[in-house]
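I want to know where this structure leaves empty space. I will look up pockets, then cavities, and note what lines them.

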Amino acid sequence: MSEILKLNITSLRNIVALSIQLSPHVNLLYGENGSGKTSFLESVHLLASGHSFRSSKIDPLINSESDELVIYAELSNNQQIGLSKSRKRSHQLRLQNEKQRNWENVARQLPVQIMDSNSFLLLEGGPSVRRRFLDWGVFHVEPSFVANWRKTRKCVANRNLLLKSRRLDESQLAVWDHELVEAANSVDTARKSYFERFLPIFSQVYESLGGGFPGELELNYERGWDRSRDLDQILADNLSTDMKYGATQNGPHRADITVEAGGIKAIEILSRGQQKMLVSAMKLAQGKLLSESLDKQCIYLVDDLPAELDQDNRMRVFDQLLTLGGQIFVTCVGLDSMESCLSKSPEMAKFHVEHGIIAATK
């Protein structure tokens with residue numbers, strides 16, 4: 001268990017200074033739009049992953065009166081995590097006061113899922129969005145995945161440099177092709193194994209949410225190259241095309257998850273409400289699979305659930321979140337809009353948010 005019991009935030013957007021004690025179960029933040037609710041969720045996501053779900057730039061994250069933001073968390077397993085991000089120097093990340101080279105160890109301590117309006121990019125966005133969704137799950141349940149994933153990225157980057165050169169160094173290309181094929185097959189095996197475990201759990205969760213759709217819903221994993229052929233042969237056969245574009249056209253960096261209903265892309269046939277429940281089921285299923293695989297619960301950041309779902313569907317989604325047993329942070333404008341959809345009475349901490357000030361309420 002890795003619940004956040006205490007969180008300190010300094011100079012993140014309109015949150016100037018905050019020190020807050022949190023519930024290991026449900027934390028409900030309410031207040032007007034622009035008050036700082038989403039910024040609070042952003043701080044948790046930033047600490048857990050190193051990036052914001054709202055902006056790819058550093059400057060907008062840091063309060064205009066400061067040059068640095070700082071986030072510090074104390075977890076239920078006695079772990080401590082600290083992060084500083086500055087306009088002028090590189091970030092500093094520490095776990096148990098030890099400097100971290102990357103986010104791997106921290107991400108394993110804080111498996112975080114975000115559910116917000118951008119979640120619908122899982123259906124509307126390009127393959128990279130769905131790859132990130134898939135790889136989040138594989139990272140957590142397949143320990144060797146991240147090393148092979150990094151290796152494929154390095155191989156593709158170096159291969160692409162060779163493809164762009166005026167005179168192709170075939171001996172160097174052969175080396176990177178060999179390395180890429182080896183790592184790509186390992187990445188594909190891990191992704192395929194995870195996806196096969198994910199599908200039945202997704203179907204169970206989707207059914208429990210009352211997900212209705214016209215025709216048969218199908219989710220399929222596409223590995224990024226023809227499944228009937230070996231990648232080394234494809235790379236050799238497609239070399240002229242790769243050289244033309246200066247980029248490797250086949251490989252694990254082209255993987256995707258296709259989502260279809262009745263043989264048609266789900267985005268083209270499902271109503272907006274059906275899309276919302278489908279995406280919610282995908283996010284919930286990942287948390288459930290994580291719990292079953294590692295006996296560890298996912299932390300859910302749910303931004304303005306009332307705005308995304310009607311009351312009946314809010315109740316279904318929230319009931320499913322509660323069954324997962326992990327820590328939940330949920331925001332809303334009006335307290336009544338969330339309390340009205342609670343079919344149970346979970347242990348809950350409530351916080352009113354106004355102008356970046358967050359205060360506990362009863």
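My entries on the pockets and cavities follow.

**Entry 1: the largest pocket**

I am working from a predicted model. I started with the volume of the largest pocket, and it comes to about 1400 Å³. I then asked which residues lie closest to its centre. They are Ser49, His51, Arg132, Phe133 and Trp136, out of 41 that line this pocket.

Next I looked up the elements behind that lining. Those that give two or more residues include the helices H1 (37–49), H2 (104–109) and H3 (121–124). Helices H4 (127–141), H5 (145–164) and H10 (272–294) also give two or more, as does strand E8 (112–115). Which element has the largest share of the lining? I found that H4 does, with nine residues.

I also sorted the lining of the largest pocket by class. I got 19 nonpolar, 13 polar and nine charged residues.

**Entry 2: the second largest pocket**

I moved on to the second largest pocket. Its space is about 190 Å³. I count 13 lining residues here, and the closest to the centre are Leu123, Arg130, Ile257, Val259 and Lys265.

H3 turns up again: together with strand E10 (256–261) and helix H9 (266–269), H3 gives two or more residues to this lining. I checked which element leads, and E10 has the largest share, five residues. By class, I noted six nonpolar, two polar and five charged residues in the lining of the second largest pocket.

**Entry 3: cavities**

I then turned to enclosed space. How many cavities of 30 Å³ or more are there? The count comes to three. I followed up the largest cavity, which holds about 100 Å³.

I listed what lines the largest cavity. Met115, Asp116, Ser119 and Phe120 are among the lining residues. So are Lys276, Val279 and Ser280. Val302, Asp303, Leu305, Glu308 and Leu309 belong to that lining too.

Two or more of these residues come from H10, and two or more from helix H11 (305–308). H10 has the largest share, three residues. The classes in this lining are six nonpolar, two polar and four charged.

**Entry 4: cross-check**

I went back over the elements. H10 gives two or more residues to the lining of the largest pocket, and H10 also does so for the largest cavity. H3 contributes two or more to the largest pocket and two or more to the second largest pocket.

How values were computed. Residues numbered from 1 in each chain as written. Predicted model: local features only at pLDDT ≥ 70, side-chain atom pairs only at ≥ 80, totals over all residues. Heavy atoms only, no water. 1 Å grid on protein atoms, 1.4 Å probe; cavity = no way out; pocket = protein on both sides within 12 Å on 5 of 7 lines; lining within 4 Å. Points joined across faces, edges and corners; volume = space filled by probe spheres on them. Helix = DSSP H or I, 4+ residues; strand = E, 2+ residues; numbered from the N terminus. Nonpolar A, V, L, I, M, F, W, Y, C, P; charged D, E, K, R; others polar.
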